[in-house]
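Student: I am new to this structure and should like to be guided through it by question and answer. Please show it to me before we begin.

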Amino acid sequence: MLARVLVGVCGLAFLLGGIAVAATTGPGGDLFSALFLFVPGIVMIAAVILERTRYRSLHAERSGDGHGPGGGETGLPDPRFRPTEEQFLDPTTGVPMQVWVDPETGDRRYVPLA
C-alpha cells in the first residue's frame, strides 16, 4: 500500500512538473522537455489506478467480490478447477496459498490454505 501511495505521489509530482515546465516556457517553448516529466507522471498514475490487487483472479476483479486472507479467493473455486501442488506464502500477509487451475483454459485461482 505504501509503495502505491509513493508511486502515485511521484507520478503527480512529475505530472505537475511537466505542466509547470510547459507553462513557464510559454507558446513555442520547450514542450519536448515538458513531455519528459508529463508522460512518466501519467504512466505512474495510471499504474497505481490500474494495478490489480495481489493474487486476485480476473473473475474476482470483474465480479467485485471481496477478497479472502492473503488477497486470494473467498472460498473454493468452481468445480472445474483442480488444486495443484504449487503452494507459496503471500509475501505481504504471510498467509499460505494454494494454486488451483482450470485444466481446459489454464485460468488460475489462489486459495488460502486453512
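The exchange below treats salt bridges, a surface patch and strand pairing in turn.

Student: What kind of model is this, and how are its residues numbered?
Tutor: This is a predicted model, in which local features need pLDDT of at least 70 and side-chain atom pairs count only at pLDDT 80 or more, while totals for chains, interfaces and linings use all residues. Side-chain values use heavy atoms, with hydrogens and water left out, and residues are numbered along each chain as its sequence is written, from 1.

Student: How many salt bridges does a search of the whole structure find?
Tutor: Side chains of opposite charge can pair when their charged atoms come close. A salt bridge requires a side-chain nitrogen of Lys or Arg within 4 Å of a carboxyl oxygen of Asp or Glu. Searching the whole structure on that basis gives a count of four.

Student: Which residues are linked with Arg80 in a network of salt bridges?
Tutor: Arginine 80 meets aspartate 78 through a side-chain salt bridge with an N to O distance of 3.6 Å. The side chain of arginine 80 also forms a salt bridge with that of aspartate 102, at 3.0 Å from N to O. The residues linked with Arg80 in the network are therefore Asp78 and Asp102.

Student: How many residues apart in sequence are the parts that arginine 80 and aspartate 102 tie together?
Tutor: Helices (H or I, at least four residues) and strands (E, at least two) are DSSP runs, numbered from the N terminus. Arginine 80 lies in the loop between helix 3 (58-63) and strand 1 (82-89), whereas aspartate 102 lies in the loop between strand 2 (96-101) and strand 3 (108-112). The pair therefore ties together parts whose separation in sequence is 22 residues.

Student: Is aspartate 102 buried or exposed?
Tutor: Buried means under 20% relative accessible area, exposed over 50%, and partly exposed in between (1.4 Å probe, protein chains only). Arginine 80, at 42%, is partly exposed, as is aspartate 78 at 38%. Aspartate 102 has a relative accessibility of 5%, so this residue counts as buried.

Student: What is the N to O distance in the salt bridge of aspartate 107 and arginine 109?
Tutor: Aspartate 107 is partly exposed at 28% relative accessibility, while arginine 109 is buried at 4%. Their side chains meet in a salt bridge, with an N to O distance of 2.7 Å.

Student: Which element gives the largest share of the nonpolar patch?
Tutor: Patches are made of residues with over 30% relative accessible area and no salt bridge; like charges are joined within 9 Å, and nonpolar side chains (Val, Leu, Ile, Met, Phe, Trp, Tyr) within 5 Å. The nonpolar patch has about 770 Å² of accessible area, by the Shrake-Rupley method with a 1.4 Å probe and, for residues, only the protein chains shown as cover. Helix 1 (2-25) and helix 2 (31-50) are the elements giving two or more residues to this patch. The largest share, six residues, comes from helix 2.

Student: Which backbone oxygen lies 2.8 Å from a polar atom of the side chain of glutamine 98?
Tutor: Glutamine 98 is found in strand 2, and its relative accessible area of 14% makes this residue buried. The backbone oxygen at 2.8 Å from a polar atom of its side chain belongs to threonine 84.

Student: Which residue of strand 2 is the bridge partner of proline 83?
Tutor: Two strands pair if DSSP finds at least two bridges between them. Strand 1 and strand 2 run antiparallel and are joined by five bridges. In strand 2, the residue bridged to proline 83 is tryptophan 100.

Methods. A polar contact is a pair of N or O atoms within 3.5 Å; within protein, one must be able to donate a hydrogen and the other to accept it, and residues adjacent in sequence count only if both atoms are side-chain atoms.
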